[in-house]
Amino acid sequence: MKPIFLVAPMPDAYDKALELIREKGYDNIEVELANMGDGVAAARRAIRAGAEIIVTRGGTYRLCRAAFDLPVVEIHVSAYDILESVQRAGAVEGPVAVVGYNNVVDGFDLLRELLPFEIIKVELHAEDQVLDVISQHRDRGIRTYIGDANVTRITQALGCRGIVIFSQKDSIMTAMREARRIHRAARIEKQRTQQITTITDFVHDGILAIDEREMITILNARAAEVFGVDRSAAIGRNVREVIPNTLLHEVLHTGIPQLEKLQTQLRNRHKPGADHRGRAGQGSGRHLPGCHRNAENRADDPAQAAQERLHRTLPL
């Protein structure tokens, strides 16, 4: 599975995406034709197979964004997409309603200036609203609706005219470029994190760091041993799932260090004589908005005691 997975809601978008992949040489993007719930299911399969970024449009975008905790890039609908769709539809008489979520059209005001008929914007907040919303506007005399495949299907079932929005190649290409940019940045970030983790593996202390979303970004070998967790499985998970009584999230949001507090993973078995208390504080680095160090009780070790004093004074 390629790292970028594009869910095309309609055959037209599917064909254009494949053309762009061939023309631009985007060899890290895979495309599948699916819409709404089927699109979410397709994205879930792709994620399980290794996809890291989802690209899609309209209602499918909203559903994917709510369902997955990874980057979901939107194929924006522009005023030019609407104009092309109206041109394809032939003669159109107003009033006309453009139906969609709050992300339905970029530049809607431009449409009012360019189209020769009255046009209104109808905003949806949930997928199950489509039928009621269109029925209400039909009763007010609006018989033509512009929207995605789901909107046009319901519109036609109600005896009205539905004009499906076609995405221009430029709109799809812009989303592809954004997804590729995110993928490059994530790859660089991952390499930096791996370098830091490699360095911290040589440190006696266990070091665990989280990002602003409370996701674990760094977990060195010593910390994995202390908390009794699989490092590869813990990276990328919420710290509170891995260490139920952690204090790092409090440090992250308050900026106040928590010193000498007991923090354990429930399945961990401490070594005899070891006190796995920790220092949770905010780091100054990009990767370390919150960091935990373990501090074993080694009062009989002068070198260790000196190192502990040093750690109290240095930011991580």
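Visitor: In what order do the strands of the open sheet of four strands with strands 1 to 4 run, and is the pairing parallel or antiparallel?

Guide: Start with the general idea. Strands of a sheet pair through backbone hydrogen bonds, either parallel or antiparallel. In this predicted model, one open sheet of four strands follows the order 2-1-3-4, and its pairing is parallel.

Visitor: Which strands stand at the edges?

Guide: Strand 2 (29-33) and strand 4 (72-74) do. Each has a single partner strand, so one side of each lacks a neighbour in the sheet. On average, neighbouring strands of this sheet are turned by 25° against each other, direction ignored.

Visitor: Over how many bridges do strand 1 and strand 2 pair?

Guide: Strand 1 (residues 4-8) pairs with strand 2 over five bridges, in the parallel sense. For a register point, take Leu-6: it stands opposite Val-31 in strand 2.

Visitor: Which strands do helix 2 and helix 3 lie across?

Guide: Helix 2 lies across strand 1, strand 2 and strand 3 (53-56). Its direction is at about 165° to strand 1. Helix 3 lies across strand 1, strand 3 and strand 4, at about 160° to strand 4.

Visitor: At what angle do the axes of helix 2 and helix 3 cross?

Guide: The general idea first. Two packed helices are described by the angle between their axes and the distance between the axes. Here the axes of helix 2 (residues 36-48) and helix 3 (residues 58-67) come within 9 Å and cross at roughly 45°. Helix 2 and helix 3 are therefore oblique to each other. Their crossing is right-handed.

Visitor: Which residues of helix 2 and helix 3 meet?

Guide: Helix 2 brings Met-36, Gly-37, Gly-39, Val-40, Ala-43 and Arg-44. Helix 3 brings Gly-59, Thr-60, Leu-63, Cys-64 and Ala-67. By class, this contact of helix 2 with helix 3 has six nonpolar, four polar and one charged residues.

Visitor: Now the sheet with strands 5 to 8. What is the strand order?

Guide: Four strands form this open sheet in the order 6-5-7-8, with parallel pairing. Strand 6 (119-123) and strand 8 are the edge strands, each pairing on one side only. The twist averages 25° from one strand to the next.

Visitor: Which strands does helix 4 touch?

Guide: Helix 4 (residues 79-89) packs on the sheet and touches strand 5 (96-100), strand 7 and strand 8. The direction of helix 4 makes about 130° with that of strand 8.

Visitor: Over how many bridges do strand 7 and strand 8 pair?

Guide: Strand 7 (residues 144-147) and strand 8 (residues 161-164) pair over four bridges, in the parallel sense. Two positions fix the register for the eye. Tyr-145 stands opposite Gly-162 in strand 8, and Gly-147 stands opposite Val-164.

Visitor: What unit do strand 7, helix 7 and strand 8 make?

Guide: Strand 7, helix 7 (residues 149-157) and strand 8 make a β-α-β unit, and the unit is right-handed.

Visitor: At what angle does helix 6 cross helix 7?

Guide: The axes of helix 6 (residues 130-139) and helix 7 cross at roughly 55° and come within 10 Å. That makes helix 6 oblique to helix 7. The crossing is right-handed. From helix 6, the contact uses Val-130, Leu-131 and Ile-134. From helix 7, it uses Asn-150, Val-151, Ile-154 and Thr-155.

Visitor: How do the residues of that contact of helix 6 with helix 7 divide?

Guide: Into five nonpolar, two polar and no charged.

Definitions and conventions: Residues are numbered from 1 along each chain as its sequence is written. This is a predicted model: local features need pLDDT of at least 70, side-chain atom pairs count only at pLDDT 80 or more; totals for chains, interfaces and linings use all residues. Side-chain values use heavy atoms; hydrogens and water are left out. Two strands pair if DSSP finds at least two bridges between them. Helices (H or I, at least four residues) and strands (E, at least two) are DSSP runs, numbered from the N terminus. A crossover is right-handed if, with the strands pointing away from the viewer, the path from the first strand over the helix to the second runs clockwise. Axes are lines fitted to C-alpha atoms, for helices over the stretch in contact, and angles run from 0 to 180 degrees between N-to-C directions. Angles under 35 degrees count as roughly parallel, over 145 as roughly antiparallel, 65 to 115 as roughly perpendicular and the rest as oblique. A crossing is left-handed if the near helix is turned anticlockwise from the far one by less than a right angle, and right-handed if clockwise. Contact means heavy atoms within 4.5 Å. Ala, Val, Leu, Ile, Met, Phe, Trp, Tyr, Cys and Pro count as nonpolar, Asp, Glu, Lys and Arg as charged, and the others, Gly among them, as polar.
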